[in-house]
Amino acid sequence: MKILSNRKMYLLSCLFLAFCTLGQAQITDVPTENDFEIKYNKAERVVKLGEGHYFIDFGKAYFGTVVLHSKQLQKDSLIVRLGEKLADANQIDRNPGGTIRYQQVKLDQLKANQDVVVSLQADKRNTKPGAIHLPESFGVIMPFRYCELENLQVPIEEIEISQKAFYYHFNDEAGTFTSSDTTLNAIWDLCKHTIKATSFAGYYVDGDRERIPYEADAYINQLSHYAVDSDYSIARRTNEYFIEHPTWPTEWLLHTVLLYYQDYMYTGETEMLEKYYDVLKIRTLMDLERKDGLISSKSDKLNSEFKTKLGFKNPKTRVRDIVDWPAGQKDTGWKLAKKEGERDGYEMVAINTVVNSFYYYNLFLMSEIADRLGKTEDAAFFEQKSEKIKKVINTKLFDKSRGVYIDGEGSKHASLHANMFPLAFNLVPEEYKESVIDFIKTRGMACSVYGAQYLLDGLFNANEPAYALKLITDTTHDRTWWNMIEIGSTMALEAWDMKYKPNSDWNHAWGTAPLNVITRQLWGITPKTPGFASMQIKPQLTNLQFSEIKVPTIKGSIEAKYIKSDRNEQIYEIKLPKGMSGEFILPDSKMKVLLNDRKVRKNSKIVRLKEGVNMVITKR
């Protein structure tokens with residue numbers, strides 16, 4: 001009998017463990033070309049730059065290519081340039097930097113009376129085996145807004161020039177928003193278009209540089225997609241992808257439960273929770289707990305066996321804390337990057353406050369999930385454990401003398417991140433909310449576009465809408481969404497500006513936090529019960545004079561209007577679809593309230609809504 005070596009036995013055991021852990025973890029739905037739409041966008045602006053040289057602006061960037069249809073034959077060659085960024089008003093930037101896209105293609109001739117699809121060169125990085133591959137019928141596509149034609153010998157009037165855009169099925173009318181703040185409206189439009197255009201892969205990918213799904217990117221993408229469309233297939237497909245393809249950051253692994261929980265709340269379906277319940281328990285990382293309950297990616301328990309259990313194909317994968325990204329000059333080598341990157345000087349200690357805040361929230365959500373699945377013992381277990389972790393965090397990682405959270409055990413440094421994540425996850429005791437919020441307000445936007453999701457969520461959770469809205473609509477510096485618009489992008493950037501992340505792309509859905517925050521927090525429209533059987537609306541519209549919103553749900557659209565009257569009344573018209581009830585949460589129980597012209601009893605913070613039109617008028 002042949003005896004296997006220790007190494008072979010180890011590898012076999014890893015394979016067996018992976019099989020046992022993942023079970024039926026196969027992606028049940030792979031996108032086909034039938035899942036996508038192809039739109040031929042016409043030019044919004046054509047400028048003649050010289051003899052046979054034209055500049056074309058399609059208005060917005062999409063993933064695709066250009067199609068030329070000429071009524072005449074051109075035997076001579078034609079130069080076609082495509083790009084996302086301009087060098088000046090009417091010229092594509094030939095060297096845009098980072099991962100901003102540009103290509104030049106030479107056509108040998110221009111045939112008459114047929115569509116000539118410009119064939120692009122594939123990018124090595126985003127078409128390698130680890131990237132999401134597109135249907136073969138797409139050919140090679142890239143994000144671009146602009147086109148230049150050079151040496152065109154056919155009259156421009158004889159040519160039809162189209163931007164052939166690819167994107168997943170998308171209902172432009174499903175989710176809409178407008179308000180009295182024109183800057184806020186422009187940012188909504190930027191983010192909404194980002195969600196539509198970046199759906200080109202049929203998965204939530206990180207942008208064009210890698211075309212790989214990452215859990216944190218996908219979470220923001222998921223929430224923002226829910227704000228503008230009621231198609232849940234991309235989210236579900238991406239969530240299943242993560243079961244077999246986890247990524248290396250500790251906090252990204254801790255986004256898995258969040259992704260599945262939101263799917264459940266918006267669809268009301270338990271199938272995915274039931275199928276992957278055991279995997280979700282593992283992804284909480286509770287196996288890494290030390291005696292007091294806190295976890296660390298530096299733990300000896302994060303060994304090859306556990307990494308295999310987590311779903312990593314390579315058990316040598318280095319799992320490590322990220323807090324925010326980019327890390328800074330020391331870790332990246334970028335000379336232009338700020339020394340501390342986007343971490344606000346965070347001290348990366350072993351017991352990390354951000355990581356353990358995520359851990360607490362995972363346990364809290366797992367208690368909810370277990371309860372909904374009828375796993376009463378698990379529900380009680382996770383609830384008890386989450387409460388324990390909450391107490392430990394607020395004992396060991398909170399500086400009572402300053403009233404702020406420190407970066408981790410043994411650290412004296414307090415960062416924006418160490419405080420905004422506990423605020424977002426409702427970890428902050430009531431008596432310390434004021435000091436934590438005051439500290440957060442001193443830091444401004446000292447985080448990345450990813451971190452901004454949690455900063456804004458935390459501020460709205462703490463009833464600080466005015467400051468949150470100020471951050472969203474700020475136009476005074478470059479760490480803003482307005483800067484993305486100002487520099488010429490029609491999609492959200494990977495970073496606030498190229499100087500903060502020199503390899504950034506211009507098509508990153510993790511930069512769309514305002515989209516879901518406007519829906520979930522500013523208007524406060526969320527599912528109260530799974531699948532929107534009932535909804536909750538908790539408006540925090542602060543200084544807006546008027547606003548309208550349409551929110552897609554699995555039961556139909558929620559439509560709401562708001563206006564602040566001359567008599568300082570807040571007038572809300574909320575239309576719920578058939579079969580949906582709701583709760584309107586008042587900021588103050590002492591307010592005077594009318595519901596459909598009837599007085600609501602005093603000292604109540606909840607107004608009950610029914611399907612159809614509900615007219616709510618509030619006044620202090």
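The following exercises, each with a worked solution, concern the fold and selected local features of a predicted model.

Residues are numbered from 1 along each chain as its sequence is written. In this predicted model, local features need pLDDT of at least 70 and side-chain atom pairs count only at pLDDT 80 or more, while totals for chains, interfaces and linings use all residues; side-chain values use heavy atoms, with hydrogens and water left out.

**Exercise 1. Overall form**

Determine how the radius of gyration of the chain relates to that of a compact globule.

Solution. Step 1: the radius is taken over C-alpha atoms, and the globule rule is 2.2 Å times the number of residues to the power 0.38. Step 2: for 620 residues the rule gives a value near 25 Å. Step 3: the chain has 26 Å, which agrees with a compact globule. Step 4: the C-alpha trace spans about 90 × 75 × 45 Å along its principal axes.

**Exercise 2. Composition of the fold**

State how many helices and strands the chain has, and what share of its residues is buried.

Solution. Step 1: helices (H or I, at least four residues) and strands (E, at least two) are DSSP runs, numbered from the N terminus. Step 2: the chain contains 17 helices and 23 strands. Step 3: buried means under 20% relative accessible area, exposed over 50%, and partly exposed in between, with a 1.4 Å probe and protein chains only. Step 4: by this criterion, 59% of the 620 residues are buried.

**Exercise 3. The surroundings of helix α12**

Decide whether helix α12 is enclosed or open, and identify elements that cover its buried residues.

Solution. Step 1: α12 comprises residues 416-424, and nine of its nine residues are buried, so the helix is largely enclosed by the rest of the structure. Step 2: the buried residues include H417, N419 and F421. Step 3: with contact meaning heavy atoms within 4.5 Å, the cover includes α10 (353-372), β13 (404-405), α13 (433-443) and α14 (451-461). Step 4: after α12 comes N426, which has a positive phi near 60 degrees.

**Exercise 4. Backbone features in loops**

Characterise D344 and D597 by phi and by burial, and locate the cis peptide bond at P326.

Solution. Step 1: D344, although not a glycine, has a positive phi of about 55 degrees. This residue occupies the loop between α9 and α10 and is buried, at 9% relative accessible area. Step 2: D597, also not a glycine, has a positive phi of about 70 degrees. D597 is in the loop between β20 (592-595) and β21 (598-599) and is exposed, at 69%. Step 3: the bond from W325 to P326 is cis, with omega near 5 degrees, and P326 is placed in the loop between α8 (304-310) and α9 (329-332).
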